[in-house]
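Let's take a walk through this one together. Have the sequence and the model open side by side, and follow along residue by residue.

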Amino acid sequence: MKKIKEEIIEVQDYPIKGIGFKDLTPVWKNQVLFNELINEMTETWGGFKIDMVASIESRGFIVGAPIAYKLNAGFIPLRKPNKLPREVYTQHVKLEYGETEIQVHKDAFDGVENVLIVDDLLATGGTAIAAHRLIPKDIVVGFGFMVELSKLNGRKKIEEISDAKIESLVIYD
Ligand code: AMP
C-alpha cells in the first residue's frame with residue numbers, strides 16, 4: 001500500500017489551476033503493483049455478497065473491471081454521454097474540476113442485486129453520488145475507491161445519501 005502511494009505522481013494545476021491531480025498511471029503500469037492493487041481492492045469485499053460491479057468511465061473501468069472478474073461478478077459500465085446505444089438514464093456530475101454527465105442503459109439493473117460501485121478516485125463525491133442515483137438505492141452494497149482525497153469530504157457526502165460501506169485503498173489527508 002505504501003509502495004502504491006509512493007508511485008502516485010501529484011501534478012499541480014492540472015487540468016485547471018488549483019487542482020493537485022493524482023496521476024495513477026505509474027501504479028497501473030507496474031505489473032506487481034497493479035496486481036497488488038486489484039487484489040487488495042477485491043479482498044476488502046470478501047465478506048460481502050456482490051453480484052455486480054458498476055464502474056464509471058473511464059478511469060473507473062481500469063480498476064472496476066478486474067475487480068468484477070476477481071469477485072466473479074458482472075460488470076455494468078456507467079458511461080459518458082452518447083456512448084450507449086439504447087435508451088438511457090442520465091445524471092449530471094459536478095467534479096472537483098468541471099462538470100459532465102454519466103449514463104446507463106435503462107434496463108441495466110433489471111434483476112440485479114448487490115452492486116458495488118467502483119471508481120479510481122473519490123474527491124468531492126459528485127461522481128459517486130451521481131453513480132448511486134443511476135442505480136436502484138436498495139441494491140448498492142458498497143463503494144470502492146483506489147484513492148480518496150479526504151479533505152474534499154466526499155465520504156461525508158456519500159454517507160448522507162447511503163448506508164453502504166465505503167472503502168478506499170490509499171487515503172490522502
Ligand atoms: P469527484 O466527483 O469530485 O469525487 O471526482 C472524482 C472523479 O474525478 C474521479 O473519477 C477521478 O477520476 C476524477 N478526479 C477528481 N479529482 C481528481 C484529482 N485530484 N486527481 C485525479 N483525478 C481526479
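Val 32 belongs to helix 3, which covers residues 31–43. What you have in front of you is a predicted model, by the way. Is Val 32 buried or exposed? Its relative accessible area is 57%, and because anything over 50% counts as exposed, Val 32 goes down as exposed. Now look for Ile 4: along the chain, Val 32 and Ile 4 are 28 residues apart, while in space their C-alpha atoms are 9.9 Å from each other.

From there, let's go to the ligand. Where does it sit? You'll find the ligand in the largest pocket. A shell of 17 residues surrounds the ligand, and the closest ones are Glu 96, Asp 119, Thr 124, Gly 125 and Thr 127. Sort that shell by class and you get seven nonpolar, five polar and five charged residues.

Which parts of the fold supply these residues? Strand 2 (20–23), strand 7 (115–122) and helix 5 (126–133) each put at least two residues into the shell around the ligand. Strand 7 gives the most, with four residues.

Zoom in on the polar atoms next. On the ligand side, one nitrogen atom lies 3.1 Å from a backbone N or O atom of Gly 20. A nitrogen atom of the ligand is also 2.9 Å from a polar backbone atom of Lys 22. With Asp 119 it's the side chain that takes part: an N or O atom there is 2.8 Å from an oxygen atom of the ligand. How much of the ligand does the protein cover? On its own the ligand has 480 Å² of accessible area, and the protein covers 96% of that.

Now for the backbone, starting with cis peptide bonds. The bond from Tyr 14 to Pro 15 is cis, with omega near 0°. Pro 15 is in the loop that runs between strand 1 (9–12) and strand 2. Another cis bond goes from Glu 57 to Ser 58, with omega near -5°. Ser 58 is in a loop too, the one between strand 3 (52–56) and helix 4 (59–70).

While you're checking torsions, have a look at two asparagines. Asn 72 has a phi near 55°, a positive value in a residue other than glycine. Asn 72 sits in the loop between helix 4 and strand 4, and at 73% relative accessible area Asn 72 is exposed. Asn 114 also has a positive phi, about 55°, although it is not a glycine. You'll find Asn 114 in the loop between strand 6 (98–105) and strand 7.

Go back to the loop between helix 4 and strand 4, since Ala 73 lies there as well. Is Ala 73 buried or exposed? Its relative accessibility is 17%, and because buried means under 20%, Ala 73 counts as buried. Ala 73 and Leu 116 are 43 residues apart along the chain, with 9.5 Å between their C-alpha atoms.

Follow the chain through strand 4 (74–78) and you reach Arg 79, in the loop between that strand and strand 5 (88–95). Why is Arg 79 called partly exposed? Its relative accessibility is 24%, and that label applies because the value falls between the 20% and 50% cut-offs. Compare its position with Val 147: the two residues are 68 apart in sequence, and 20 Å apart in space, C-alpha to C-alpha.

Finally, head for the stretch around strand 9 (165–172), which is joined to helix 6 (154–161) by a loop that holds Ser 162. Ser 162 is buried, with a relative accessible area of 10%. Its side chain reaches the backbone nitrogen of Ala 164 at 3.0 Å. In strand 9 itself, pick out Glu 167. Glu 167 is partly exposed, at 27% relative accessible area. Turn the model to bring Trp 45 into view: Glu 167 and Trp 45 are 122 residues apart in sequence, yet 9.0 Å apart in space, C-alpha to C-alpha.

Technical notes: Residues are numbered from 1 along each chain as its sequence is written. This is a predicted model: local features need pLDDT of at least 70, side-chain atom pairs count only at pLDDT 80 or more; totals for chains, interfaces and linings use all residues. Side-chain values use heavy atoms; hydrogens and water are left out. A residue is near a molecule or strand if one of its heavy atoms lies within 4 Å of it. A polar contact is a pair of N or O atoms within 3.5 Å; within protein, one must be able to donate a hydrogen and the other to accept it, and residues adjacent in sequence count only if both atoms are side-chain atoms. Accessible areas come from the Shrake-Rupley method with a 1.4 Å probe; for residues, only the protein chains shown count as cover. On a 1 Å grid over the protein atoms alone, a cavity is a set of points where a 1.4 Å probe fits but cannot get out, and a pocket is an open set with protein on both sides within 12 Å along at least five of seven lines; lining residues have an atom within 4 Å of a point. A molecule sits in a cavity or pocket if more than half of its atoms lie within 2 Å of its grid points. Ala, Val, Leu, Ile, Met, Phe, Trp, Tyr, Cys and Pro count as nonpolar, Asp, Glu, Lys and Arg as charged, and the others, Gly among them, as polar. Buried means under 20% relative accessible area, exposed over 50%, partly exposed in between (1.4 Å probe, protein chains only).
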